[in-house]
Amino acid sequence: MKLMKKITSVCICMVLLAGLTACEEEQSWIFSINGQELYNQEITILGLMFTMDYGIKNSEQLKEAYEEEKTYSEYYKKQLEKEIIDIIILYQEAEQNHYQLSEKEEENIKTKTDQFLDYYGKDWLSESGIKREDVEPIYKLRVTGDSYLKSISTENAQNDKNERFVKVFQVIFPTVELDEDGMVKSGTDGEVTHISDIKKEQKKTEAQGFCERAKAGEDIVTLLKDYDNTVTGIERYIQYSELDTEYKKAVEGLAEGEISDVITSDYGYYVVKLLEKNATEYARTLSVYEDNKQGKTVREDVLSDLYDNYIRGQREYKNDSEWDKVSLELYIK
């Protein structure tokens, strides 16, 4: 009887121990960054978000070779790891700086959560034990970090949205020495090398003759063929604020399509045809390009600093044994 009780007691202990072990394994963190731990379910949701965003649907393609990686699966897994770390460290930085989401951003989180649930289907997700209340906090992490980063980019933006540009066809008769590639030569002192005074007068005379012919109606581009290869013409957009005084006065006195008088500068004599007095479309396009470029630069700089603070040199931010179990194939519906 005592033996039976002892056996029963041992069995119960073994069952409890097995249960605890299984529970610990289930609850093992996969990433631990600056005190914030991510477990299997959170990684699963992040993985599902990743495959949805990148349109990864073909599990067979994941087995194919991809550049330096053995397979597409390995390549995407590295990208997923980077994205997970980016999301966490940006969120933590936003929290430390007391960043508050706007009502619109809060609505964005709900919208993204709805899209996620619609994409995978609530029934399919419930099989993995994933509910709306599990998904929404993950989107909050991402939206908070992205919005915070965008706010930094906006604060640091140097581009003046009201900057004016003019579009001209510009012809120059240079009064500086040029090398074989048409670049301005400099002396040993670093100063620009100018041509002789006699040659300067010749260039001025040429520029005046060119100007008269262009104003008389000859095509400004065709006219260039009558001059040596130091005389060049180019269609370009110029920021109005960067024009020197004489050039600015010439542009202001012209209507679109008109030819300027000869403009004197430190580098030579200019003759320009005004094509657009206020190139608003170009300015708008440039503004978008510069904003995107600056936003990307800010993101790279901020993330680089955060990686230095949170990741580099920290060997235990990732549980390798648990991360090795993660596969992109698991996140394809």
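**Legends to close-up views of a predicted model**

**View 1. Lining of the largest pocket in the predicted model.** By residue class, 8 nonpolar, 5 polar and 8 charged residues form the lining of the largest pocket. This lining comprises 21 residues, and those nearest the pocket centre are P174, V176, E177, L178 and T230. The volume of the largest pocket is about 460 Å³. Two elements, strand β3 (165-174) and helix α7 (197-215), each provide at least two of the lining residues. Helix α7 makes the greatest contribution to the lining of the largest pocket, with 4 residues.

**View 2. The second largest cavity and its lining residues.** A search of the whole structure for cavities of 30 Å³ or more returns 2. The second largest cavity encloses about 40 Å³ of space. Its lining consists of L46, M49, F50, L80, E83, I84, I87 and R142. Classified by type, the lining of the second largest cavity contains 6 nonpolar and 2 charged residues, with no polar residue.

**View 3. Helices α2 and α3 at the second largest cavity.** Helix α2 (40-53) and helix α3 (72-96) each contribute at least two residues to the lining of the second largest cavity. Helix α3 accounts for the largest share of that lining, namely 4 residues.

**View 4. Environment of T51 in helix α2.** Residue T51 is located in helix α2, an element that also supplies at least two residues to the lining of the second largest cavity. The relative accessible area of T51 is 1%, so this residue is classed as buried, the cut-off being under 20%. When residues up to four places away in sequence are set aside, T51 is in contact with I56, Y120, L328 and Y331.

**View 5. Overall context for the close-up views, with 11 helices and 6 strands in the protein.** The protein has 333 residues, of which 36% count as buried. T51 of the preceding view is a buried residue. The accessible surface of the protein amounts to about 20,900 Å², and carbon and sulfur atoms make up 48% of this area. Among contacts in the protein with a separation of 6 or more, 71% are between residues 24 or more positions apart.

Note on methods:
Residues are numbered from 1 along each chain as its sequence is written. This is a predicted model: local features need pLDDT of at least 70, side-chain atom pairs count only at pLDDT 80 or more; totals for chains, interfaces and linings use all residues. Side-chain values use heavy atoms; hydrogens and water are left out. On a 1 Å grid over the protein atoms alone, a cavity is a set of points where a 1.4 Å probe fits but cannot get out, and a pocket is an open set with protein on both sides within 12 Å along at least five of seven lines; lining residues have an atom within 4 Å of a point. Grid points are joined across faces, edges and corners, and a volume is the space filled by probe spheres set on the points. Ala, Val, Leu, Ile, Met, Phe, Trp, Tyr, Cys and Pro count as nonpolar, Asp, Glu, Lys and Arg as charged, and the others, Gly among them, as polar. Buried means under 20% relative accessible area, exposed over 50%, partly exposed in between (1.4 Å probe, protein chains only). Contact means heavy atoms within 4.5 Å. Accessible areas come from the Shrake-Rupley method with a 1.4 Å probe; for residues, only the protein chains shown count as cover.
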